[in-house]
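Work through the exercises below with the model open beside you. Try each task before you read its solution.

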Amino acid sequence: AEYGSSGINAEYGGKGSERCNTSHLTVLYVLQCGDETDLEDLYTEIKCSVISTVEDSNINPDLRGKALFRLSSLCFLCSDNIEDRKELLVLLREKIKGSSPEIIINTLASLSLILTICTPTEQRNMIKILLPVVRKFLKHPNVEVRIEAGEFIAHVFEMGRDDDPEFEDSVEDFESLIEDIDNLSTDGAKFRAKRDRKVQRASFREILAMVTGEGEIAEQVKISPQENLTLSSWSDKVLYAALKEILGSSTSLHLQQNLFVREIFGLGAPPLKIEKRTKAEKTGNKRKMNAAYQKARQRNMLKMRDKRM
């Protein structure tokens, strides 16, 4: 934990790609040592370095986009300060105007993540500002941008209805939005790649159900043989997607054993492990039980014989 206050910050002095890798390592450090370090101080120390990485036009847009998402992940994990959120949301509103698909995708994912920790008032204000901008991305030539925009809109409608059951009445051109999403859920345009069409249709069918209010989220993610993680809202999906983006193949392991990660999903302490018995152990136990049964049977037979005598 001592490394967090000085060692990580020192690593941001490298080249562009090295700084991007360091932003990833910082998030991993927080997830691993979250309960052992001052997260607010850590975020305050490193945020300027990560922002400078995001703003550096000499760095590949893909790397800058990933650094932006990691900055948002750090804000989510480390800071309860409303000023930190405001500062980040200003940056994200600026980056969503960019032309790079990689930066747009990571900005939308970042906005979805940060909105999960905003107050209802903050959510209302950001939705009012962002929804007209994001819906334009439904016509973007990049399929990943279209899907990320659709998923952001689905999340917005979930949050909006939580605050106001008649939320769609306040959305300008709601019927037009539904039509755009419906078209994407059935898009068979031959100029698009076959895989892109398939992924897009599947994604937008789920998005359409959420936006129209007809869909329910009820996904089970197997963590271990003894435990599942239930995703019961779009916000849960956003949190799980963010965690998976950061941890990759070790996501299940952290959900099993890492208390800091488990607390994010309200899982509590890990369940006690039930050790599986080997075949040899099962056979040995069976023999012991049979031997005990035979011994008891012989005793009973001797008692019966003594009574007869």
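The exercises cover helix packing, pockets, cavities and two single residues. Keep in mind that this is a predicted model.

**Exercise 1. Packing of H6 and H8**

Task: Find how helices H6 and H8 are oriented to each other, and which residues make their contact.

Solution:
- Step 1. Locate the helices. H6 covers residues 101-115 and H8 covers residues 143-163.
- Step 2. Look at the axes. They come within 9 Å and cross at roughly 15°.
- Step 3. Classify the angle. Angles under 35 degrees count as roughly parallel, so H6 is roughly parallel to H8.
- Step 4. Take the handedness. The crossing of H6 and H8 is left-handed.
- Step 5. List the contact residues. H6 contributes Pro101, Ile104, Ile105, Leu108, Ala109, Leu111, Ser112 and Leu115. H8 contributes Glu144, Val145, Glu148, Ala149, Phe152, His155 and Met159.
- Step 6. Sort them by class. The contact of H6 with H8 has 11 nonpolar, 2 polar and 2 charged residues.

**Exercise 2. Packing of H2 and H4**

Task: Repeat the analysis for H2 and H4.

Solution:
- Step 1. Start from the axes. Those of H2 (residues 16-33) and H4 come within 9 Å and cross at roughly 25°.
- Step 2. Apply the cut-off of 35 degrees again. The angle is under it, so H2 is roughly parallel to H4.
- Step 3. Add the handedness. H2 passes H4 in a left-handed crossing.
- Step 4. Read off the contact. On the H2 side are Ser17, Cys20, Ser23, His24, Thr26, Val27, Val30 and Leu31. On the H4 side are Leu63, Arg64, Ala67, Arg70, Ser73, Leu74, Leu77 and Cys78.
- Step 5. Sort by class. The contact of H2 with H4 divides into 9 nonpolar, 5 polar and 2 charged residues.

**Exercise 3. The two largest pockets**

Task: Describe the largest pocket and the second largest pocket by volume and lining.

Solution:
- Step 1. Take the largest pocket. About 950 Å³ of space lies in it.
- Step 2. Find its centre. Of 31 lining residues, Ala109, Glu148, Glu151, Ala241 and Glu245 lie nearest the centre of the largest pocket.
- Step 3. Name the elements. H4, H6, H8, H10 (194-211) and H11 (234-247) each give two or more residues to this lining. H11 supplies the largest share, 8 residues.
- Step 4. Sort the lining of the largest pocket. It has 14 nonpolar, 4 polar and 13 charged residues.
- Step 5. Turn to the second largest pocket. It holds about 370 Å³ of space.
- Step 6. Find the centre of the second largest pocket. Among its 16 lining residues, Ile127, Lys128, Phe167, Ser170 and Val171 are the closest.
- Step 7. Name the elements here. H7 (120-134) and H8 each give two or more residues. H7 gives the most, with 7 residues.
- Step 8. Sort the lining of the second largest pocket. It has 7 nonpolar, 3 polar and 6 charged residues.

**Exercise 4. Cavities**

Task: How many cavities of 30 Å³ or more does a search of the whole structure find? Describe what lines each.

Solution:
- Step 1. Count. The search finds 2.
- Step 2. Describe the largest cavity. Its space is about 110 Å³. Leu31, Ser73, Phe76, Leu77, Leu113, Leu239, Ala242, Leu243, Ile246, Ile264 and Phe265 line it.
- Step 3. Sort that lining. It has 10 nonpolar, 1 polar and no charged residues. H11 gives the most, with 4 residues.
- Step 4. Describe the second largest cavity. Its volume is about 50 Å³. His24, Lys66, Phe69, Arg70, Asn106, Glu245 and Ile246 line it.
- Step 5. Sort this lining too. It has 2 nonpolar, 2 polar and 3 charged residues. H4 gives the most, with 3 residues.

**Exercise 5. Two single residues**

Task: Place Phe76 and Asp173 in the structure.

Solution:
- Step 1. Place Phe76. It is in helix H4, and it helps line the largest cavity.
- Step 2. Check its partners. Leaving aside neighbours within four places in sequence, Phe76 is in contact with Leu113, Ile114, Thr116, Ile117, Leu239 and Ile264.
- Step 3. Set sequence against space. Phe76 and Ile117 are 41 residues apart in sequence, and 7.2 Å apart from C-alpha to C-alpha.
- Step 4. Place Asp173. It is in the loop between H8 and H9 (174-185).
- Step 5. Check its backbone. Phi of Asp173 is near 55°, a positive value in a residue other than glycine.

Technical notes:
Residues are numbered from 1 along each chain as its sequence is written. This is a predicted model: local features need pLDDT of at least 70, side-chain atom pairs count only at pLDDT 80 or more; totals for chains, interfaces and linings use all residues. Side-chain values use heavy atoms; hydrogens and water are left out. Axes are lines fitted to C-alpha atoms, for helices over the stretch in contact, and angles run from 0 to 180 degrees between N-to-C directions. Angles under 35 degrees count as roughly parallel, over 145 as roughly antiparallel, 65 to 115 as roughly perpendicular and the rest as oblique. A crossing is left-handed if the near helix is turned anticlockwise from the far one by less than a right angle, and right-handed if clockwise. Contact means heavy atoms within 4.5 Å. Ala, Val, Leu, Ile, Met, Phe, Trp, Tyr, Cys and Pro count as nonpolar, Asp, Glu, Lys and Arg as charged, and the others, Gly among them, as polar. On a 1 Å grid over the protein atoms alone, a cavity is a set of points where a 1.4 Å probe fits but cannot get out, and a pocket is an open set with protein on both sides within 12 Å along at least five of seven lines; lining residues have an atom within 4 Å of a point. Grid points are joined across faces, edges and corners, and a volume is the space filled by probe spheres set on the points.
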